[in-house]
2 protein chains.
Amino acid sequence: MSATPATGAAPAAPARRGRPGYDRAQILQIAVGLFNEQGYDATSVADLAARLGLTKSALYHHFDSKEQLLAEALDEALSALEGVLDDAATGGTPAERLDAVLRGAVEVLIDRLPSVTLLLRVRGNSDTERAALERRRLFDQRVTELVRAAQDAGLIRADIDGAVTTRLVFGMINSVVEWYRPSGPIDRERLAHDIVTITLDGMRTR
Amino acid sequence: MSATPATGAAPAAPARRGRPGYDRAQILQIAVGLFNEQGYDATSVADLAARLGLTKSALYHHFDSKEQLLAEALDEALSALEGVLDDAATGGTPAERLDAVLRGAVEVLIDRLPSVTLLLRVRGNSDTERAALERRRLFDQRVTELVRAAQDAGLIRADIDGAVTTRLVFGMINSVVEWYRPSGPIDRERLAHDIVTITLDGMRTR
DNA sequence: GTCTATAAATGGATAGAC
DNA sequence: GTCTATCCATTTATAGAC
């Protein structure tokens, strides 16, 4: 868990001597945490340097810009989400594939909670943010196609538009970043189960 | 719809002569729109003045601070949401009251889309924001109590924790601010119906 | 790999004329 | 009610020493 996440080619970066000695991955992790606490725009490079116990200059030795930190975090989140769809594409019936996508999305969201949280708050204020929004849009499109296929197969109710259904269900899934904490009482699989249960069968008793 | 929203005592503010001639309500409306486009922190007072076609100084004649604009918008959204709960408290069975709260929340969210959108993005970076978050928390608590009462009455499934159910369902409802546009093809009542349908009965066919 | 110092621009906000 | 001009703190980012 606490091992170095292997940014480049080095198999295992040995702990640095002297001062802090952060590598890119560690800095990115702490940066994303702070962006999520305060908001990306409200977080200054000085804020981040203070949290790291570094000066701004030392930070700029590791990264070219604040925006580069954002770009790397957004890429991590988007790649993971796209991976869910790539994996699910090989499944069986539309219903099975949809189930796999919903469960997979919840699990990615939890496993990569910080970067996905950041992604979901992007508004499009820079080229970096706009590119991320476009990748998100393509993801949504692919999920909507899956929902429509499940509707055509008669497995999902067709009295609500597929795009609306997709938005609502992913709205519920994505909202998890607002409150879920891995250290809390509810585990990953349980939450995925609860969400799939409510979205498929609803909260009303029968 | 286009009438003056009655900020103070004056029944109908006559159109100003000369330049733009904004009143507080008009400025607030445009400010909230810009905050939602770019994010509150990413929006400078200069940005807002530019959109209004005014200078910063002219803006400060109407408002004491950027934060005051935020505070007034957040209060509008919170008051409207609290009103939904106050109204629903007088209903009949827990199920009827919960239905009324869900529908009412969707309708408030749509009727006050700009201010509610702003509210849902607040992170707690100032006293103003923290006070708004606290009012939101109290709202959530009151809804959770309603869900638990419906569970105790056997009307809502009890195999998922009431607080989790509340968060998930309001996560879906709140996500509407991310994509809904009143000018679009789907009207308020239709969306409220779709959301209540999915959250109560799910998207699976039976 | 970290530091001090500083640049150049922008942030929120105010003074005072018209 | 809006303007020009300005203040001062903070912003992102860089230069160059250790």
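At what angle do the axes of helix 1 of chain B and helix 2 of chain B cross, and within what distance do they come? I began my notes on this predicted model with that pair.

**Entry 1: helices 1 and 2 of chain B**

I looked up the geometry of helix 1 (residues 24-38) and helix 2 (residues 45-52) of chain B, and found that their axes cross at roughly 125° and come within 10 Å. An angle from 115 to 145 degrees is neither roughly perpendicular nor roughly antiparallel, so helix 1 of chain B is oblique to helix 2 of chain B. I recorded the crossing of these two helices as right-handed. On the side of helix 1 of chain B, the contact is made by Ile27(B), Ile30(B), Ala31(B), Leu34(B), Glu37(B) and Gln38(B). Helix 2 of chain B contributes Asp47(B), Leu48(B), Arg51(B) and Leu52(B). Sorted by class, the residues of this contact are six nonpolar, one polar and three charged.

**Entry 2: helices 5 and 8 of chain B**

I next took helix 5 (residues 94-111) and helix 8 (residues 162-174) of chain B, whose axes lie 10 Å apart at an angle of about 30°. Because angles under 35 degrees count as roughly parallel, helix 5 of chain B is roughly parallel to helix 8 of chain B. The crossing of helix 5 of chain B past helix 8 of chain B is right-handed. I listed Val101(B), Leu102(B), Ala105(B), Val106(B) and Leu109(B) from helix 5 of chain B, which meet Val169(B), Phe170(B), Ile173(B) and Asn174(B) from helix 8 of chain B. I noted eight nonpolar residues, one polar residue and no charged residue in this contact.

**Entry 3: helices 1 and 6 of chain A**

I then turned to chain A, where helix 1 (residues 24-38) and helix 6 (residues 113-120) pack with their axes 9 Å apart, at an angle of about 45°. That angle makes helix 1 of chain A oblique to helix 6 of chain A. Here I recorded a left-handed crossing of helix 1 of chain A past helix 6 of chain A. Val32(A), Phe35(A) and Asn36(A) of helix 1 of chain A form the contact with Pro114(A), Ser115(A), Thr117(A) and Leu118(A) of helix 6 of chain A. By class, I found four nonpolar, three polar and no charged residues in this contact.

**Entry 4: chain A as a whole**

I counted nine helices and zero strands in chain A, and along the sequence the pattern reads α-α-α-α-α-α-α-α-α. The C-alpha trace of chain A spans about 65 × 35 × 35 Å along its principal axes. I checked confidence and found an average pLDDT of 91 for chain A, with 90% of the residues scoring at least 70. Over residues 1-18 of chain A, pLDDT stays under 50. For that stretch the model has six contacts beyond four places in sequence.

**Entry 5: relation of the two chains**

How is chain B laid on chain A? I found that a turn of 180° with a shift of 0.0 Å along the axis does so, with an RMSD of 0.1 Å. The two copies are therefore related as by a two-fold rotation axis. I also compared the interfaces: 98% of the interface residues of chain B are interface residues in chain A too, so the copies meet through the same surface.

Key:
Residues are numbered from 1 along each chain as its sequence is written. Chains are lettered from A and ligands numbered from 1 in the order in which they are written. This is a predicted model: local features need pLDDT of at least 70, side-chain atom pairs count only at pLDDT 80 or more; totals for chains, interfaces and linings use all residues. Side-chain values use heavy atoms; hydrogens and water are left out. Copies are superposed by least squares on the C-alpha atoms of residues with pLDDT of at least 70 in both. Contact means heavy atoms within 4.5 Å. Axes are lines fitted to C-alpha atoms, for helices over the stretch in contact, and angles run from 0 to 180 degrees between N-to-C directions. Helices (H or I, at least four residues) and strands (E, at least two) are DSSP runs, numbered from the N terminus. Angles under 35 degrees count as roughly parallel, over 145 as roughly antiparallel, 65 to 115 as roughly perpendicular and the rest as oblique. A crossing is left-handed if the near helix is turned anticlockwise from the far one by less than a right angle, and right-handed if clockwise. Ala, Val, Leu, Ile, Met, Phe, Trp, Tyr, Cys and Pro count as nonpolar, Asp, Glu, Lys and Arg as charged, and the others, Gly among them, as polar. pLDDT is the predictor's confidence in each residue, from 0 to 100.
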